[in-house]
Amino acid sequence: MVTTYHWAEVQGLRIFYREAGPKGAPTIVLLHGYPSSSRMWAPLIPLLAQRYHVIAPDYPGFGHSDAPAPTDYAYTFDHLAETIEGLLNALAIDSYVLVMQDYGGPVGFRLALRNSEKMRAIIVQNANVYVEGLGPKWAGIARYWGDRGAHSEELDKFTSLEGARQRHIGNSPNIERYDPDSWMDEYAMLSRPGQRAIQADLLCDYQTNVAAYPAWQAWLREHRPATLILWGRYDPSFIVPGALAFERDVPDAEIHLLDAGHFALDEEAERVGELVLDFLDRRLERQF
C-alpha cells in the first residue's frame with residue numbers, strides 16, 4: 001500500500017502528515033512520541049493501510065512540520081493538541097481511532113476529551129496515564145519542573161544522544177535488534193537550531209499531563225472506549241504498572257505486554273500490526 005506525503009496549512013503553520021489506505025475506510029490517526037516524528041510509524045502504516053485509512057502527522061517543532069521559535073508558538077501540550085485538531089478538521093476527518101505513543105498520549109487524550117463523539121477506539125503504546133507508570137527518572141524531571149534554571153542537567157540528559165539511545169534500547173536484552181539510525185536521526189533533529197528551547201518548554205509543560213491524569217482516567221471510566229494497550233516491557237521510562245492500571249477504568253481493555261522497549265515497533269512491528277488489526281476488525285465491527 002502506497003504512503004503519500006503532504007503538508008497542510010494549520011494556524012499559519014505548515015503541518016506535515018503521512019497518509020495511506022482507502023479514504024472511504026475508517027480512519028486511524030497515529031500520534032508519535034518524543035523525540036521522534038511520524039516516521040516512527042513507517043513499519044506499521046503499510047500493515048494498517050491494507051484495510052484502514054491512516055493519517056500520521058508531525059507536531060509543530062517535530063519532523064517536517066514548521067518549528068517556529070517559542071516566542072511565536074507556545075509549545076504546550078494544549079497547543080499541540082489544538083494544532084492537530086485543526087489538521088483533522090482541515091482534512092474533514094470527523095471520526096477516528098487514536099493510536100498514541102509517548103507524547104501522543106497527552107496530545108491524544110486532550111483530543112479525546114474535546115471530541116468524545118469522534119473517538120471510535122483508542123490504542124495506547126507506552127503512553128502513560130497513571131502515576132504508577134512513571135519510572136525512576138521522573139523524580140529528576142520533577143525537580144526540573146520545580147526550578148528549570150537550577151536543574152538544567154535534566155534537560156541536558158533529555159536532549160542528549162545517549163538519552164535518545166537509551167529511550168530506544170531501554171532494558172531490552174536484544175540490543176542487536178535496534179537500528180542505531182533511529183536515535184542518530186532523532187538526535188540530529190534535537191540538534192537543529194532552536195530545538196533546545198522548544199524541548200525545554202515541552203519538558204516543563206509535561207507536568208500538566210501528570211496533573212491531568214485524574215481527568216483522563218475519569219474520561220475512560222465514563223466513555224469506556226474500545227481500548228487496546230500495547231506495552232513494551234523493557235521501557236524504564238513508562239513502566240509496566242502503567243499498562244496494567246488501564247483495567248481499573250476500562251475493565252474490558254485488551255492489554256498485551258510485548259518483548260520490546262519504549263518504541264515497540266523497533267522490535268515487534270509485525271506483532272503490533274497483527275494485534276491492532278485483530279482488535280479493530282473485532283471491536284469496530286461490534287461498535288458500528
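**Helix H2, the nonpolar cores and Trp231**

Helix H2, which covers residues 77-90 and therefore has 14 residues, reaches 20 Å from its first C-alpha to its last, close to the 20 Å expected at 1.5 Å a residue, where the expected span is 1.5 Å times one less than the number of residues. Helices (H or I, at least four residues) and strands (E, at least two) are DSSP runs numbered from the N terminus. This is a predicted model, in which local features need pLDDT of at least 70 and side-chain atom pairs count only at pLDDT 80 or more, while totals for chains, interfaces and linings use all residues. Residues are numbered from 1 along each chain as its sequence is written, and side-chain values use heavy atoms, with hydrogens and water left out.

Among the buried residues of H2 are Phe77, Leu80, Ile84 and Leu88, buried meaning under 20% relative accessible area with a 1.4 Å probe and protein chains only. Just after H2, Ala92 takes a positive phi of about 60 degrees.

The largest nonpolar core (buried Ala, Val, Leu, Ile, Met, Phe, Trp, Tyr and Cys residues joined through side-chain atoms within 4.5 Å) has 63 residues, and Leu98 is one of those that touch the most other members. Leaving aside neighbours within four places in sequence, Leu98 is in contact (heavy atoms within 4.5 Å) with residues including Val29, Leu31, Met119 and Ile123. Apart from this core lies another, of 32 residues, among them Ala20 and Leu277.

Trp231 lies in strand E7, residues 227-232, and counts as buried because its relative accessibility is 0%. Trp231 and Ala264, 33 residues apart in sequence, are 7.3 Å apart in space, C-alpha to C-alpha.

Terms used. Buried means under 20% relative accessible area, exposed over 50%, partly exposed in between (1.4 Å probe, protein chains only).
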